[in-house]
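Let's walk through this model together, starting with its open spaces and ending with what packs around a helix. Keep your viewer at hand as we go.

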Amino acid sequence: MINSCPTNASPNEPRWVLHSPPEVALAILYQDNKLLLQLRDDIPTILYPGCWACFGGHLELGESPLDAVKREIWEEIGFQMTDPVYFRPYSDQFAIRHVFFHPLTVPFSSLNLQEGWDLGLISRADIENGQAYSAQAQGIKPLGDRHRTILLDFLDAQG
């Protein structure tokens, strides 16, 4: 397990300086007791190549984590988040991750994957096991370890 180190940053505060490590905004989208995850491209130069992870991405200069998560989800799957709720931040040497959650209020079939190799609604059991099947990859793929920690924390907090 990875140690998480919360920051004191507000999720609505615009960022005016570049941070090292970079800041990212992630979304936990849920529907029917499953979580929507992205299978990241299998490119060795990116973090978690070929692994399941949360949707999201880097904050642009001057962008708040809230604005970033809404923009990223729209760009990546064409889903309009209306009122994402801030869960908590996670920090390590790679990124400061601002994590939000929101119900997936549209049919899974209506999502339009624009980034990544695949997407799927993943069960708690698969998240606990640290792997899930991808039809696109035609096999079982691992969850990114930090994303798995975030998802398990979220599921535990929901009861």
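The largest pocket holds about 420 Å³ of space. A pocket here is an open set of points, on a 1 Å grid over the protein atoms alone, with protein on both sides within 12 Å along at least five of seven lines; lining residues have an atom within 4 Å of a point. Its volume is the space filled by probe spheres set on the points, which are joined across faces, edges and corners. This is a predicted model, where local features need pLDDT of at least 70 and side-chain atom pairs count only at pLDDT 80 or more, while totals for chains, interfaces and linings use all residues. Residues are numbered from 1 along each chain as its sequence is written, and side-chain values use heavy atoms, without hydrogens or water.

Of the 23 residues lining the largest pocket, Arg40, Leu47, Gly56, Gly57 and His58 lie nearest its centre. Strand S4 (55-58) gives the largest share of that lining, four residues, and S1 and H1 each supply at least two. By class, eleven lining residues are nonpolar, six polar and six charged.

The second largest pocket offers about 200 Å³. Asn33, Lys34, Leu35, Leu155 and Gln158 are the closest to its centre among its 13 lining residues. Here H3 gives the most, with three residues.

Leu35 also takes us into the protein's interior. The largest nonpolar core has 23 residues, and Leu35 is one of those with the most contacts inside it, along with Ile28, Trp52, Val99, Ile127, Leu151 and Phe154. Such a core is a set of buried Ala, Val, Leu, Ile, Met, Phe, Trp, Tyr and Cys residues joined through side-chain atoms within 4.5 Å, where buried means under 20% relative accessible area with a 1.4 Å probe, protein chains only. Helix H3 (145-158) provides its largest share, five residues. Val99 touches, among others, Leu26, Ile28, Phe87 and Ile150.

A second, separate core of 17 residues includes Leu29, Ala68, Val69 and Ile73. Three of these names lead us to helix H1: Ala68, Val69 and Ile73 are buried there, as are Pro65, Leu66, Arg71, Glu72, Glu76 and Ile77. Strands S1 (23-31), S2 (34-39) and S6 (96-103) are among the elements that cover the buried residues of H1. Helices and strands are DSSP runs (H or I, at least four residues; E, at least two), numbered from the N terminus. After H1 comes Gly78, with a positive phi near 70°.

Note on methods:
Buried < 20%, exposed > 50% of the residue type's maximum accessible area, 1.4 Å probe, protein only. Contact = heavy atoms within 4.5 Å. 1 Å grid on protein atoms, 1.4 Å probe; cavity = no way out; pocket = protein on both sides within 12 Å on 5 of 7 lines; lining within 4 Å. Nonpolar A, V, L, I, M, F, W, Y, C, P; charged D, E, K, R; others polar. Lists of a residue's contacts leave out its neighbours within four places in sequence.
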